[in-house]
Amino acid sequence: MANDTFPMGCYARDYSAEHLTAHPAQVAERLRLNFYRLDGSAPDSLLYFDVSALMANQGHAAHDGLGGEVMTETGFCNRPSGCGVEADGGTFEITRLADGVLEIRTSHLRVGMNGGIDGEGVYSSLGETYNEYTTYRLFAAQPEACSEF
């Protein structure tokens, strides 16, 4: 990433039916990424993110019966272009952050939901194909877009 600054705030995208048809392996129909610092805007504080995805009824999400489910995860960014989820929950790299556009790429980024069998969580990945990169382009949005999924 050319710009070594962290993103802040909400980035969102609702993918159109045409886009999903053109990308049949894509697993997110709606995607939200919210970046924030727990102690305000202190530049040396850790940057966290929340990701929320409405899973598309296609790709491995459909195969796993997760189409239409909302899945979430929280993680942190430890360098300007790299963010991840603890316990081998995967990472994403920020490949573009300019003019209100955020692009990330991931080969595995875990998202999940509670309430699985016997109280265990149900998990998926925003990566489309195992061991291959998937790129998502999101756009700067008002904070409500990330809080009202």
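**Exercise 1. Place Glu103 in the fold and describe its surroundings.**

Step 1. Glu103 belongs to strand E7, which covers residues 101-113. The model is a predicted one.

Step 2. Decide whether Glu103 is buried or exposed. The cut-off for buried is under 20% relative accessible area. Glu103 has 12% relative accessibility, so this residue counts as buried.

Step 3. List the contacts of Glu103, setting aside neighbours within four places in sequence. One run of partners is Glu93, Ile94, Thr95 and Arg96. Another run is Thr135, Tyr136 and Arg137.

Step 4. Assign the partners to elements. Strand E6 spans 90-98, and Glu93, Ile94, Thr95 and Arg96 fall in that range. Strand E9 spans 134-141, and Thr135, Tyr136 and Arg137 fall in that range. Glu103 of E7 thus has contacts in both E6 and E9.

**Exercise 2. Summarise the overall fold of the protein chain.**

Step 1. Count the elements: the chain has 3 helices and 9 strands.

Step 2. Write their order along the sequence: β-α-β-β-α-β-β-β-β-β-β-α.

Step 3. Consider burial and contacts. The chain has 149 residues, and 40% of them count as buried. Among contacts with a separation of 6 or more, 55% are between residues 24 or more positions apart.

Step 4. Consider the surface. About 8000 Å² is exposed by the protein chain, with 47% of that area supplied by carbon and sulfur atoms.

**Exercise 3. Find the disulfides and work out what each one joins.**

Step 1. Searching the whole structure gives 2 disulfides.

Step 2. Take the pair Cys10 and Cys146, with an S to S distance of 2.1 Å. The torsion about their S-S bond is about 90°, so this disulfide is right-handed. Cys10 sits in strand E1 (residues 9-14) and Cys146 in helix H3 (residues 143-147), so the bond ties together parts that are 136 residues apart in sequence.

Step 3. Check the burial of this pair. Cys10 is buried at a relative accessible area of 5%, and Cys146 counts as buried at 16% relative accessibility.

Step 4. Take the pair Cys77 and Cys83, joined with an S to S distance of 2.0 Å. The link of Cys77 and Cys83 is also right-handed, with 95° about the S-S bond. Cys77 is buried with a relative accessible area of 2%, and Cys83 is buried with 3%.

Step 5. Number the bonded cysteines in sequence order: the pairing reads 1-4, 2-3.

**Exercise 4. Describe the largest pocket and its lining.**

Step 1. Start with the volume: the largest pocket holds about 250 Å³ of space.

Step 2. Identify the lining. There are 16 lining residues, and those closest to the pocket centre are Cys83, Gly90, Thr91, Phe92 and Glu93. Strands E4 (70-79), E5 (82-84), E6 (90-98) and E7 each give two or more residues to the lining.

Step 3. Sort the lining by character: 5 residues are nonpolar, 8 polar and 3 charged.

Step 4. Link this to the earlier exercises. Cys83, one of the residues closest to the pocket centre, is bonded to Cys77. Glu93, another of those residues, is in contact with Glu103.

**Exercise 5. Examine Phe76 and its contacts.**

Step 1. Phe76 is located in strand E4. At 26% relative accessibility, Phe76 counts as partly exposed, because that class lies between the cut-offs of 20% and 50%.

Step 2. Note a pairing across the sequence. Phe76 and Leu47 are 29 residues apart along the chain, yet their C-alpha atoms are separated by 5.7 Å.

Step 3. List what Phe76 touches beyond four places in sequence: Leu46, Leu47, Tyr48 and Phe49, together with Cys83, Gly84 and Glu86.

**Exercise 6. Which residues have a positive phi although they are not glycines, and where do they lie?**

Step 1. Asp88 has a positive phi of about 55°. Asp88 is in the loop between E5 and E6, and is exposed with a relative accessible area of 72%.

Step 2. Asn131 has a positive phi of about 70°. Asn131 is in the loop between strand E8 (122-125) and strand E9 (134-141), and counts as exposed at 62% relative accessibility.

Step 3. Put the two together: Asp88 and Asn131 each lie in a loop between strands, and both are exposed.

Key: Residues numbered from 1 in each chain as written. Predicted model: local features only at pLDDT ≥ 70, side-chain atom pairs only at ≥ 80, totals over all residues. Heavy atoms only, no water. Helix = DSSP H or I, 4+ residues; strand = E, 2+ residues; numbered from the N terminus. Buried < 20%, exposed > 50% of the residue type's maximum accessible area, 1.4 Å probe, protein only. Contact = heavy atoms within 4.5 Å. Areas by Shrake-Rupley, 256 points an atom, 1.4 Å probe, with all protein chains shown as cover. 1 Å grid on protein atoms, 1.4 Å probe; cavity = no way out; pocket = protein on both sides within 12 Å on 5 of 7 lines; lining within 4 Å. Points joined across faces, edges and corners; volume = space filled by probe spheres on them. Nonpolar A, V, L, I, M, F, W, Y, C, P; charged D, E, K, R; others polar. Disulfide = S-S within 2.5 Å.
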